[in-house]
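This report covers one protein chain, with attention to its packing, its cross-link and its strands. Please read it alongside the sequence and the structure.

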Amino acid sequence: MREDGRPVEEVGLSSWTQPTAVDKTEWINQIRTVTTVGSNYYIQESLHPNYWAQLALRSCVRQTYTQNRGGTCSIAGTGLANGEPRMTLG
C-alpha cells in the first residue's frame, strides 16, 4: 500500500499484465481480512504468490535444475527476460 492508501498496483499502470508491471506491483496477494467476506477475494488467498511471483519461482526452479545445484535465487534486475522477471541463482 502507498501512503495514500491505494494499492501499488494502481500507480501508473493500465493493466497488471503489461511488461512494466513486474517492477511496479507486489508479488504476493494482499493480506485479506474478514472485511472481504462476500467479495471476490478469499481470506486464504492472502500472501500467496501472484502471477509475477509464480513466473519468478519458475525461473528459479529452472535455473536450479539446469545448473544442477542449489543456492539463493534473487532479483537480478528490472524488466523481463524471456517473459519472466529477471532472476539469478547465486
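The sections below take the core, the disulfide, the hairpin and two backbone angles in turn. The model is a predicted one.

**Core and the residues around W52**

The largest nonpolar core has 10 residues: L13, A21, V22, W27, W52, A53, L55, A56, C60 and M87. Helix α1 supplies the largest share of this core, with 5 residues. In general terms, nonpolar side chains of soluble globular proteins tend to be buried together.

W52, a member of this core, is buried at 4% relative accessibility. Beyond its neighbours within four places in sequence, W52 is in contact with W16, T17, Q18, A21, V22, T25, W27, L80 and P85. Two of these contacts, A21 and T25, are also linked to each other: a polar atom of the T25 side chain lies 2.8 Å from the backbone oxygen of A21. T25 is located in the segment before α1, the helix that spans 51–67. With a relative accessibility of 11%, T25 is buried.

A search of the whole structure turns up 1 aromatic pair. The ring centres of Y51 and W52 are 4.9 Å apart and the ring planes meet at 75 degrees, so the pair is edge-to-face; the cut-off for that class is over 60 degrees. Whereas W52 is buried, Y51 is partly exposed, at 41% relative accessible area.

**Disulfide**

The structure has 1 disulfide, which joins C60 to C73 with an S to S distance of 2.0 Å. What does this bond tie together? C60 belongs to helix α1 and C73 to strand β1 (residues 73–81), so the link ties parts that are 13 residues apart in sequence. The torsion about the S-S bond is about -85 degrees, so the disulfide is left-handed. C60 is buried at 12% relative accessible area, while C73 is partly exposed at 26%. C60 also appears in the nonpolar core listed above.

**Hairpin**

Strand β1 runs antiparallel to strand β2 (residues 84–89), and 5 bridges join them. The two strands form a hairpin with 2 residues between them. Within this pairing, I75 stands opposite M87 of β2. M87 is one of the core residues, and its C-alpha atom is separated by 8.8 Å from that of L57, a residue 30 places away along the chain. L57 is in helix α1 and is partly exposed, with a relative accessible area of 45%.

**Two asparagines with positive phi**

Most residues other than glycine have a negative phi. N68 has a positive phi, and so has N82. The table sets out their loops and angles.

| Residue | Place | Phi |
|---|---|---|
| N68 | loop between α1 and β1 | near 50 degrees |
| N82 | loop between β1 and β2 | about 55 degrees |

Are these residues buried or exposed? N68 is exposed, at 71% relative accessibility. N82 is exposed as well, at 81%. N82 sits in the turn of the hairpin.

**Summary**

Helix α1 gives 5 residues to the largest nonpolar core, and through C60 it is joined to strand β1 by the disulfide. Strand β1 in turn pairs with β2, where M87 is counted among the core residues.

Methods. Residues are numbered from 1 along each chain as its sequence is written. This is a predicted model: local features need pLDDT of at least 70, side-chain atom pairs count only at pLDDT 80 or more; totals for chains, interfaces and linings use all residues. Side-chain values use heavy atoms; hydrogens and water are left out. Rings of Phe, Tyr and Trp (its six-membered ring) pair if their centres lie within 6.5 Å; planes under 30 degrees apart count as stacked, over 60 as edge-to-face and the rest as tilted. Buried means under 20% relative accessible area, exposed over 50%, partly exposed in between (1.4 Å probe, protein chains only). Helices (H or I, at least four residues) and strands (E, at least two) are DSSP runs, numbered from the N terminus. A polar contact is a pair of N or O atoms within 3.5 Å; within protein, one must be able to donate a hydrogen and the other to accept it, and residues adjacent in sequence count only if both atoms are side-chain atoms. A disulfide is a pair of cysteine sulfur atoms within 2.5 Å. A nonpolar core is a set of buried Ala, Val, Leu, Ile, Met, Phe, Trp, Tyr and Cys residues joined through side-chain atoms within 4.5 Å. Contact means heavy atoms within 4.5 Å. Two strands pair if DSSP finds at least two bridges between them.
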